[in-house]
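User: I would like to go through this two-chain model in short questions and answers. Please keep each reply to the reasoning and the result.

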Amino acid sequence: MPLPFASQTSVPEVLSDEVIFQRLRGGDAAAGDELVRRYYQPLLRYLQRLTGSQAGDELLQQTWLSVLDHADKFDPSFSGGGFKAWLFRIATNKANDFWRSRGREKSAREGLRLVTNDQSPGADQRLEGSEQEQKLRWAISQLPENQRQVVMLRYYSELKFVEIAKILGCPLNTALGRVHKAMIKLKQLMSD
Amino acid sequence: MLESLENNELILLMYLAGELPPVDHLEVAEMLAADAGLRRELEQIREMSGALKGGLAALDRAEPLPSEVVVARRIGRAMRQHALRAAEAARKSKPASSKLVFPWWAYPSVAAAAIFIAFLTWVITFNFGSHHHRMVAEGTLGLPLNVIEPPPTSTPTTDPADVNSAQLAQEIEGSFGPSTEKEDNQMFALSEDPQAAAGGDKND
(Lines give C-alpha, C1' and ligand atoms only; values in the text may rest on other atoms or scores of the structure.)
Protein backbone atom coordinates (compact mmCIF):
# COMPACT_ATOMS: atom_id res chain seq x y z
CA MET A 1 0.00 0.00 0.00
CA PRO A 2 1.46 3.35 -0.98
CA LEU A 3 2.02 5.93 1.66
CA PRO A 4 -0.64 8.61 1.70
CA PHE A 5 0.43 11.64 -0.24
CA ALA A 6 3.87 10.19 -0.78
CA SER A 7 4.57 11.74 -4.14
CA GLN A 8 4.33 15.34 -5.19
CA THR A 9 4.15 15.09 -8.96
CA SER A 10 2.36 17.77 -10.93
CA VAL A 11 -0.93 16.81 -12.54
CA PRO A 12 -1.65 17.85 -16.11
CA GLU A 13 -4.99 19.62 -16.36
CA VAL A 14 -6.07 17.61 -19.39
CA LEU A 15 -6.54 14.49 -17.30
CA SER A 16 -10.09 13.56 -16.39
CA ASP A 17 -11.34 13.84 -12.82
CA GLU A 18 -11.58 10.08 -12.58
CA VAL A 19 -7.93 9.58 -13.58
CA ILE A 20 -6.77 12.21 -11.11
CA PHE A 21 -8.91 10.69 -8.42
CA GLN A 22 -7.27 7.33 -9.03
CA ARG A 23 -3.93 9.03 -8.43
CA LEU A 24 -5.27 10.55 -5.24
CA ARG A 25 -6.32 7.10 -4.08
CA GLY A 26 -2.80 5.94 -4.79
CA GLY A 27 -1.44 8.58 -2.42
CA ASP A 28 -0.60 11.39 -4.86
CA ALA A 29 -0.92 14.66 -2.95
CA ALA A 30 -0.73 16.78 -6.09
CA ALA A 31 -3.76 14.96 -7.46
CA GLY A 32 -5.74 15.97 -4.40
CA ASP A 33 -4.66 19.58 -4.76
CA GLU A 34 -5.69 19.56 -8.41
CA LEU A 35 -9.17 18.23 -7.67
CA VAL A 36 -9.66 20.76 -4.86
CA ARG A 37 -8.61 23.54 -7.22
CA ARG A 38 -10.89 22.36 -10.01
CA TYR A 39 -14.01 22.30 -7.86
CA TYR A 40 -13.12 25.06 -5.47
CA GLN A 41 -15.45 27.70 -6.89
CA PRO A 42 -18.58 25.72 -7.81
CA LEU A 43 -18.46 23.58 -4.68
CA LEU A 44 -17.89 26.44 -2.28
CA ARG A 45 -20.56 28.58 -3.97
CA TYR A 46 -23.03 25.72 -3.83
CA LEU A 47 -22.44 25.10 -0.14
CA GLN A 48 -22.52 28.79 0.68
CA ARG A 49 -25.84 29.31 -1.10
CA LEU A 50 -27.30 26.42 0.87
CA THR A 51 -25.90 27.06 4.32
CA GLY A 52 -24.30 30.51 4.45
CA SER A 53 -20.74 31.54 3.79
CA GLN A 54 -19.13 30.54 7.10
CA ALA A 55 -20.75 27.14 7.28
CA GLY A 56 -20.07 26.65 3.57
CA ASP A 57 -16.36 27.12 4.12
CA GLU A 58 -16.35 24.52 6.88
CA LEU A 59 -18.53 22.12 4.91
CA LEU A 60 -16.16 22.40 1.94
CA GLN A 61 -13.33 20.99 4.02
CA GLN A 62 -15.59 18.32 5.50
CA THR A 63 -16.65 17.32 1.99
CA TRP A 64 -13.09 16.74 0.87
CA LEU A 65 -12.19 14.80 3.99
CA SER A 66 -15.25 12.67 3.37
CA VAL A 67 -14.04 12.13 -0.19
CA LEU A 68 -10.82 10.72 1.27
CA ASP A 69 -12.70 8.56 3.75
CA HIS A 70 -14.94 7.04 1.10
CA ALA A 71 -12.45 6.95 -1.75
CA ASP A 72 -12.70 3.16 -1.96
CA LYS A 73 -16.45 3.35 -2.46
CA PHE A 74 -16.32 5.62 -5.48
CA ASP A 75 -18.00 4.07 -8.49
CA PRO A 76 -17.01 5.88 -11.72
CA SER A 77 -20.39 5.06 -13.23
CA PHE A 78 -22.29 6.64 -10.35
CA SER A 79 -25.41 8.34 -11.71
CA GLY A 80 -23.65 8.85 -15.02
CA GLY A 81 -21.98 11.97 -13.73
CA GLY A 82 -18.69 10.40 -12.67
CA PHE A 83 -16.57 12.01 -10.01
CA LYS A 84 -18.36 15.37 -10.17
CA ALA A 85 -21.76 13.83 -9.40
CA TRP A 86 -20.24 11.83 -6.57
CA LEU A 87 -18.52 14.89 -5.15
CA PHE A 88 -21.69 16.99 -5.23
CA ARG A 89 -23.62 14.16 -3.68
CA ILE A 90 -21.22 14.13 -0.73
CA ALA A 91 -21.47 17.91 -0.48
CA THR A 92 -25.26 17.70 -0.55
CA ASN A 93 -25.20 15.14 2.24
CA LYS A 94 -22.95 17.42 4.27
CA ALA A 95 -25.37 20.29 3.76
CA ASN A 96 -28.29 18.08 4.79
CA ASP A 97 -26.41 17.02 7.91
CA PHE A 98 -25.79 20.66 8.68
CA TRP A 99 -29.46 21.51 8.32
CA ARG A 100 -30.47 18.61 10.50
CA SER A 101 -27.96 19.41 13.22
CA ARG A 102 -28.87 23.06 13.38
CA GLY A 103 -32.60 22.68 13.05
CA ARG A 104 -34.36 23.82 9.94
CA GLU A 105 -35.98 26.95 11.32
CA LYS A 106 -32.86 28.11 13.09
CA SER A 107 -30.73 27.47 10.02
CA ALA A 108 -33.16 29.32 7.80
CA ARG A 109 -32.84 32.39 10.01
CA GLU A 110 -29.09 31.95 10.26
CA GLY A 111 -28.73 31.44 6.53
CA LEU A 112 -30.70 34.59 5.85
CA ARG A 113 -28.59 36.52 8.34
CA LEU A 114 -25.38 35.22 6.82
CA VAL A 115 -26.52 36.01 3.32
CA THR A 116 -27.57 39.53 4.15
CA ASN A 117 -25.08 40.54 6.85
CA ASP A 118 -22.04 38.47 6.06
CA GLN A 119 -18.77 39.78 7.46
CA SER A 120 -16.55 37.56 5.31
CA PRO A 121 -14.30 39.06 2.61
CA GLY A 122 -16.40 40.74 -0.01
CA ALA A 123 -19.16 41.71 2.39
CA ASP A 124 -18.58 45.38 1.77
CA GLN A 125 -18.97 44.82 -1.91
CA ARG A 126 -22.26 43.00 -1.32
CA LEU A 127 -23.64 45.77 0.80
CA GLU A 128 -22.78 48.10 -2.01
CA GLY A 129 -24.42 45.78 -4.48
CA SER A 130 -27.47 46.84 -6.39
CA GLU A 131 -30.91 46.65 -4.84
CA GLN A 132 -31.72 43.95 -7.33
CA GLU A 133 -28.90 41.73 -6.02
CA GLN A 134 -29.97 42.17 -2.43
CA LYS A 135 -33.50 41.33 -3.37
CA LEU A 136 -32.36 38.19 -5.14
CA ARG A 137 -30.40 37.07 -2.07
CA TRP A 138 -33.49 37.54 0.02
CA ALA A 139 -35.69 35.77 -2.54
CA ILE A 140 -33.34 32.78 -2.64
CA SER A 141 -33.41 32.54 1.13
CA GLN A 142 -37.22 32.39 0.96
CA LEU A 143 -37.21 29.26 -1.18
CA PRO A 144 -37.99 25.95 0.51
CA GLU A 145 -34.85 23.98 1.18
CA ASN A 146 -35.52 21.26 -1.39
CA GLN A 147 -36.20 23.83 -4.14
CA ARG A 148 -33.11 25.83 -3.32
CA GLN A 149 -31.05 22.67 -3.28
CA VAL A 150 -32.08 21.53 -6.75
CA VAL A 151 -31.72 25.02 -8.26
CA MET A 152 -28.24 25.51 -6.82
CA LEU A 153 -27.18 22.01 -7.72
CA ARG A 154 -28.25 22.62 -11.31
CA TYR A 155 -26.58 25.97 -11.56
CA TYR A 156 -23.26 25.25 -9.84
CA SER A 157 -22.66 21.61 -10.73
CA GLU A 158 -24.00 21.90 -14.29
CA LEU A 159 -25.08 18.29 -14.02
CA LYS A 160 -28.00 16.97 -16.05
CA PHE A 161 -31.44 16.87 -14.47
CA VAL A 162 -31.37 13.07 -14.55
CA GLU A 163 -28.10 13.05 -12.62
CA ILE A 164 -29.40 15.64 -10.15
CA ALA A 165 -32.47 13.52 -9.50
CA LYS A 166 -30.20 10.57 -8.71
CA ILE A 167 -28.05 12.65 -6.38
CA LEU A 168 -31.12 13.85 -4.51
CA GLY A 169 -32.69 10.42 -4.58
CA CYS A 170 -35.95 11.59 -6.11
CA PRO A 171 -37.80 10.95 -9.40
CA LEU A 172 -36.93 13.09 -12.40
CA ASN A 173 -40.42 14.62 -12.37
CA THR A 174 -39.92 15.72 -8.77
CA ALA A 175 -36.57 17.36 -9.49
CA LEU A 176 -37.94 19.16 -12.55
CA GLY A 177 -41.07 20.20 -10.68
CA ARG A 178 -38.98 21.74 -7.90
CA VAL A 179 -36.92 23.71 -10.38
CA HIS A 180 -40.04 25.00 -12.10
CA LYS A 181 -41.73 25.97 -8.82
CA ALA A 182 -38.56 27.66 -7.60
CA MET A 183 -38.32 29.77 -10.76
CA ILE A 184 -41.96 30.83 -10.51
CA LYS A 185 -41.57 31.73 -6.83
CA LEU A 186 -38.38 33.70 -7.46
CA LYS A 187 -40.09 35.58 -10.26
CA GLN A 188 -43.00 36.45 -7.98
CA LEU A 189 -40.73 37.53 -5.11
CA MET A 190 -38.60 39.64 -7.40
CA SER A 191 -41.58 41.39 -8.94
CA ASP A 192 -43.21 42.24 -5.55
CA MET B 1 -39.20 9.77 -22.25
CA LEU B 2 -41.98 12.25 -23.05
CA GLU B 3 -44.60 9.86 -21.71
CA SER B 4 -42.87 9.73 -18.35
CA LEU B 5 -42.84 13.50 -17.88
CA GLU B 6 -45.90 14.74 -16.07
CA ASN B 7 -46.72 18.01 -17.84
CA ASN B 8 -45.66 20.49 -20.50
CA GLU B 9 -43.53 22.59 -18.14
CA LEU B 10 -41.30 19.66 -17.30
CA ILE B 11 -41.05 18.64 -20.95
CA LEU B 12 -40.11 22.19 -21.92
CA LEU B 13 -37.51 22.38 -19.14
CA MET B 14 -35.89 19.24 -20.50
CA TYR B 15 -36.18 20.54 -24.05
CA LEU B 16 -34.59 23.84 -23.13
CA ALA B 17 -31.76 22.05 -21.35
CA GLY B 18 -31.21 19.89 -24.42
CA GLU B 19 -31.54 16.74 -22.32
CA LEU B 20 -34.31 15.01 -24.26
CA PRO B 21 -33.43 12.05 -26.48
CA PRO B 22 -33.08 13.13 -30.14
CA VAL B 23 -36.40 11.58 -31.18
CA ASP B 24 -38.29 13.31 -28.36
CA HIS B 25 -36.48 16.58 -29.03
CA LEU B 26 -37.65 16.49 -32.63
CA GLU B 27 -41.20 15.69 -31.58
CA VAL B 28 -41.30 18.65 -29.15
CA ALA B 29 -39.86 20.94 -31.82
CA GLU B 30 -42.69 19.93 -34.15
CA MET B 31 -45.25 20.53 -31.38
CA LEU B 32 -43.77 23.98 -30.74
CA ALA B 33 -43.93 24.83 -34.43
CA ALA B 34 -47.62 23.97 -34.45
CA ASP B 35 -48.67 25.43 -31.07
CA ALA B 36 -48.32 29.16 -30.31
CA GLY B 37 -49.40 28.68 -26.66
CA LEU B 38 -46.66 26.16 -26.13
CA ARG B 39 -44.15 28.58 -27.67
CA ARG B 40 -45.22 31.30 -25.22
CA GLU B 41 -44.83 28.85 -22.35
CA LEU B 42 -41.35 27.97 -23.57
CA GLU B 43 -40.41 31.64 -23.72
CA GLN B 44 -41.59 32.18 -20.15
CA ILE B 45 -39.47 29.31 -18.91
CA ARG B 46 -36.50 30.51 -20.93
CA GLU B 47 -36.90 33.98 -19.46
CA MET B 48 -37.16 32.74 -15.87
CA SER B 49 -34.22 30.41 -16.31
CA GLY B 50 -32.10 33.17 -17.86
CA ALA B 51 -33.02 35.61 -15.10
CA LEU B 52 -32.03 33.10 -12.43
CA LYS B 53 -28.70 32.34 -14.10
CA GLY B 54 -27.98 36.01 -14.63
CA GLY B 55 -28.93 36.87 -11.06
CA LEU B 56 -26.75 34.15 -9.55
CA ALA B 57 -23.84 35.14 -11.77
CA ALA B 58 -24.22 38.74 -10.62
CA LEU B 59 -24.28 37.62 -6.99
CA ASP B 60 -21.15 35.54 -7.51
CA ARG B 61 -19.36 38.48 -9.06
CA ALA B 62 -20.41 40.66 -6.15
CA GLU B 63 -19.21 38.10 -3.61
CA PRO B 64 -15.60 37.25 -4.39
CA LEU B 65 -14.33 34.10 -2.76
CA PRO B 66 -11.22 33.89 -0.62
CA SER B 67 -8.04 33.19 -2.52
CA GLU B 68 -8.25 29.88 -4.30
CA VAL B 69 -4.62 29.14 -3.50
CA VAL B 70 -5.05 29.78 0.21
CA VAL B 71 -8.15 27.61 0.53
CA ALA B 72 -6.71 24.82 -1.64
CA ARG B 73 -3.55 24.82 0.49
CA ARG B 74 -5.57 24.69 3.71
CA ILE B 75 -7.76 21.87 2.49
CA GLY B 76 -4.78 20.03 1.05
CA ARG B 77 -3.02 20.22 4.40
CA ALA B 78 -6.12 18.95 6.18
CA MET B 79 -6.38 16.09 3.69
CA ARG B 80 -2.75 15.10 4.23
CA GLN B 81 -3.16 15.06 8.01
CA HIS B 82 -6.41 13.17 7.66
CA ALA B 83 -4.81 10.58 5.38
CA LEU B 84 -1.87 10.14 7.74
CA ARG B 85 -4.19 9.66 10.70
CA ALA B 86 -6.22 7.11 8.74
CA ALA B 87 -3.05 5.25 7.72
CA GLU B 88 -1.83 5.24 11.31
CA ALA B 89 -5.18 3.95 12.55
CA ALA B 90 -5.12 1.23 9.90
CA ARG B 91 -1.59 0.25 10.89
CA LYS B 92 -2.57 0.01 14.56
CA SER B 93 -5.62 -2.07 13.85
CA LYS B 94 -3.70 -4.48 11.61
CA PRO B 95 -2.06 -6.64 14.38
CA ALA B 96 -5.48 -7.35 15.80
CA SER B 97 -6.67 -8.75 12.53
CA SER B 98 -3.44 -10.73 12.03
CA LYS B 99 -4.32 -12.82 15.09
CA LEU B 100 -6.73 -14.74 12.92
CA VAL B 101 -4.90 -17.98 12.12
CA PHE B 102 -7.45 -19.16 9.60
CA PRO B 103 -9.18 -17.18 6.89
CA TRP B 104 -12.27 -15.30 8.08
CA TRP B 105 -14.71 -17.66 6.39
CA ALA B 106 -13.33 -20.69 8.25
CA TYR B 107 -14.88 -19.65 11.55
CA PRO B 108 -18.52 -19.45 10.47
CA SER B 109 -18.02 -22.65 8.44
CA VAL B 110 -16.80 -24.56 11.48
CA ALA B 111 -19.66 -23.20 13.55
CA ALA B 112 -22.17 -24.29 10.88
CA ALA B 113 -20.61 -27.76 10.69
CA ALA B 114 -20.78 -28.13 14.48
CA ILE B 115 -24.44 -27.17 14.48
CA PHE B 116 -25.14 -29.64 11.67
CA ILE B 117 -23.37 -32.47 13.48
CA ALA B 118 -25.28 -31.71 16.67
CA PHE B 119 -28.53 -31.74 14.73
CA LEU B 120 -27.63 -35.03 13.04
CA THR B 121 -26.83 -36.59 16.40
CA TRP B 122 -30.15 -35.46 17.77
CA VAL B 123 -32.04 -36.89 14.82
CA ILE B 124 -30.31 -40.28 15.10
CA THR B 125 -30.70 -40.48 18.87
CA PHE B 126 -34.32 -39.52 19.21
CA ASN B 127 -35.96 -40.46 15.94
CA PHE B 128 -34.15 -43.64 14.90
CA GLY B 129 -33.64 -44.75 18.52
CA SER B 130 -37.31 -44.61 19.41
CA HIS B 131 -38.20 -46.43 16.20
CA HIS B 132 -35.76 -49.18 17.11
CA HIS B 133 -37.33 -49.64 20.55
CA ARG B 134 -40.80 -49.72 19.09
CA MET B 135 -39.80 -52.44 16.57
CA VAL B 136 -38.27 -54.59 19.32
CA ALA B 137 -41.43 -54.26 21.35
CA GLU B 138 -43.54 -55.26 18.42
CA GLY B 139 -41.19 -58.07 17.47
CA THR B 140 -40.93 -56.83 13.98
CA LEU B 141 -37.23 -56.15 14.02
CA GLY B 142 -35.38 -58.53 11.78
CA LEU B 143 -32.66 -59.22 14.34
CA PRO B 144 -32.61 -62.60 16.27
CA LEU B 145 -34.13 -62.26 19.67
CA ASN B 146 -31.61 -64.63 21.37
CA VAL B 147 -28.66 -62.51 20.57
CA ILE B 148 -28.55 -61.59 24.22
CA GLU B 149 -29.06 -64.50 26.56
CA PRO B 150 -31.91 -64.04 28.97
CA PRO B 151 -31.11 -64.39 32.67
CA PRO B 152 -31.50 -67.92 34.19
CA THR B 153 -35.05 -68.80 35.21
CA SER B 154 -36.18 -70.87 38.23
CA THR B 155 -36.91 -73.99 36.10
CA PRO B 156 -33.60 -75.79 35.45
CA THR B 157 -33.04 -76.84 31.96
CA THR B 158 -31.86 -80.32 31.12
CA ASP B 159 -28.61 -80.47 29.33
CA PRO B 160 -28.89 -82.81 26.33
CA ALA B 161 -25.37 -84.04 27.09
CA ASP B 162 -26.48 -85.17 30.55
CA VAL B 163 -29.47 -87.00 29.11
CA ASN B 164 -27.28 -88.92 26.69
CA SER B 165 -24.82 -89.91 29.44
CA ALA B 166 -27.59 -91.35 31.61
CA GLN B 167 -29.00 -93.36 28.72
CA LEU B 168 -25.53 -94.72 27.89
CA ALA B 169 -24.96 -95.75 31.51
CA GLN B 170 -28.27 -97.61 31.60
CA GLU B 171 -27.46 -99.40 28.34
CA ILE B 172 -24.05 -100.51 29.61
CA GLU B 173 -25.50 -101.68 32.86
CA GLY B 174 -28.25 -103.55 31.02
CA SER B 175 -25.72 -105.35 28.84
CA PHE B 176 -24.27 -107.07 31.90
CA GLY B 177 -27.61 -108.38 33.07
CA PRO B 178 -29.02 -108.30 36.56
CA SER B 179 -26.40 -109.13 39.25
CA THR B 180 -27.06 -111.01 42.48
CA GLU B 181 -25.81 -110.10 45.95
CA LYS B 182 -23.35 -113.02 45.92
CA GLU B 183 -21.82 -111.97 42.66
CA ASP B 184 -21.51 -108.52 43.97
CA ASN B 185 -19.69 -109.75 47.08
CA GLN B 186 -17.37 -111.85 44.99
CA MET B 187 -16.53 -108.98 42.84
CA PHE B 188 -15.86 -106.93 45.93
CA ALA B 189 -13.54 -109.58 47.43
CA LEU B 190 -11.79 -110.13 44.18
CA SER B 191 -11.00 -106.53 43.95
CA GLU B 192 -9.38 -106.63 47.43
CA ASP B 193 -7.48 -110.04 47.29
CA PRO B 194 -7.54 -111.98 44.14
CA GLN B 195 -6.00 -115.21 45.73
CA ALA B 196 -8.39 -115.25 48.65
CA ALA B 197 -11.21 -114.75 46.42
CA ALA B 198 -10.20 -117.82 44.35
CA GLY B 199 -9.52 -120.03 47.48
CA GLY B 200 -12.55 -118.90 49.24
CA ASP B 201 -14.50 -120.21 46.41
CA LYS B 202 -12.82 -123.66 46.86
CA ASN B 203 -13.23 -123.62 50.68
CA ASP B 204 -16.93 -122.95 50.38
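User: What sign does phi take at Glu158(A), just after H8(A), and what is its value?

Analyst: This is a predicted model. Glu158(A) comes just after H8(A). The phi of Glu158(A) is positive, about 55 degrees.

User: How many of the 13 residues of H8(A) are buried, and which are they?

Analyst: A residue is buried if 20 or more other C-beta atoms lie within 10 Å of its own. In H8(A) the buried residues are Gln147(A), Gln149(A), Val150(A), Val151(A), Met152(A), Leu153(A), Arg154(A), Tyr155(A), Tyr156(A) and Ser157(A). H8(A) is therefore largely enclosed by the rest of the structure, the buried count being ten of the 13 residues.

User: What covers the buried residues of H8(A), and what span should H8(A) have at 1.5 Å a residue?

Analyst: The cover over the buried residues of H8(A) includes H2, H4, H9 and H10 of chain A as well as H3 of chain B. The end C-alpha atoms of H8(A) lie 17 Å apart, which agrees with the expected span of 18 Å.

User: Which phi follows H4(A), and what end-to-end reach does H4(A) have?

Analyst: Gly103(A) follows H4(A) and has a positive phi, near 90 degrees. H4(A) has 21 residues, for which 30 Å is expected at 1.5 Å a residue. From first C-alpha to last, H4(A) reaches a value close to that, 31 Å.

User: Is Ala91(A) buried or exposed, and which residues does Ala91(A) touch?

Analyst: Ala91(A) lies in H4(A), residues 82-102. Ala91(A) has 29 C-beta neighbours inside 10 Å, so Ala91(A) counts as buried. The C-alpha atoms of Ala91(A) and Gln61(A), 30 residues apart in sequence, are 9.8 Å apart in space. Leaving out residues up to four places away in sequence, Ala91(A) touches Leu43(A), Tyr46(A), Leu47(A) and Thr63(A).

User: At what angle do H2(A) and H3(A) pack, and which handedness does the crossing have?

Analyst: The axes of H2(A) and H3(A) are 8 Å apart and make an angle of about 135 degrees. That makes H2(A) oblique to H3(A). The crossing of H2(A) past H3(A) is right-handed.

User: Which residues make the contact of H2(A) with H3(A), and how many of them are nonpolar, polar and charged?

Analyst: H2(A) brings Val36(A), Leu43(A), Leu44(A), Leu47(A), Gln48(A) and Thr51(A) to the contact. From H3(A) come Ser53(A), Ala55(A), Gly56(A), Leu59(A), Leu60(A), Thr63(A) and Trp64(A). By class, the contact has eight nonpolar, five polar and no charged residues.

User: How many residues of chain A are in contact with chain B, and which element gives the most to that side of chain A?

Analyst: Contact with 34 residues of chain B involves 37 residues of chain A. Elements giving two or more residues to this side of chain A include H2, H3 and H10 of chain A. By class, the side of chain A that touches chain B has 20 nonpolar, nine polar and eight charged residues. The element that gives the most, with nine residues, is H2(A).

User: How are H10(A) and H1(B) oriented to each other, and which residues meet there?

Analyst: The axes of H10(A) and H1(B) come within 10 Å and cross at roughly 90 degrees. H10(A) and H1(B) are therefore roughly perpendicular to each other. Asn173(A), Leu176(A), Gly177(A), Val179(A) and His180(A) of H10(A) meet Glu9(B), Leu10(B), Leu13(B) and Met14(B) of H1(B).

User: Which residues of H3(B) are buried, and what covers them?

Analyst: H3(B) has 27 residues and reaches 39 Å from first C-alpha to last. Its buried residues are Leu42(B), Ile45(B), Leu52(B), Gly55(B) and Leu59(B). What covers them includes H7, H8 and H10 of chain A together with H1 and H2 of chain B.

User: Is Pro21(B) buried or exposed?

Analyst: Pro21(B) sits in the loop between H1 and H2 of chain B. The C-alpha atoms of Pro21(B) and Met1(B), 20 residues apart along the chain, are separated by 7.5 Å. With 11 C-beta neighbours inside 10 Å, Pro21(B) counts as exposed.

User: How many helices and strands are in chain B, and what percentage of its 204 residues is buried?

Analyst: Chain B has eight helices and zero strands. Of the contacts in chain B with a separation of 6 or more, 35% are between residues 24 or more positions apart. Buried residues make up, of the 204 residues in chain B, 9%.

Methods:
Residues are numbered from 1 along each chain as its sequence is written. Chains are lettered from A and ligands numbered from 1 in the order in which they are written. This is a predicted model: local features need pLDDT of at least 70, side-chain atom pairs count only at pLDDT 80 or more; totals for chains, interfaces and linings use all residues. Axes are lines fitted to C-alpha atoms, for helices over the stretch in contact, and angles run from 0 to 180 degrees between N-to-C directions. Helices (H or I, at least four residues) and strands (E, at least two) are DSSP runs, numbered from the N terminus. Angles under 35 degrees count as roughly parallel, over 145 as roughly antiparallel, 65 to 115 as roughly perpendicular and the rest as oblique. Two residues are in contact if their C-beta atoms, placed from the backbone, lie within 7 Å. Ala, Val, Leu, Ile, Met, Phe, Trp, Tyr, Cys and Pro count as nonpolar, Asp, Glu, Lys and Arg as charged, and the others, Gly among them, as polar. A residue is buried if 20 or more other C-beta atoms lie within 10 Å of its own, exposed if 12 or fewer, and partly exposed in between; C-beta atoms are placed from the backbone. The expected span of a helix is 1.5 Å times one less than its number of residues. A crossing is left-handed if the near helix is turned anticlockwise from the far one by less than a right angle, and right-handed if clockwise.
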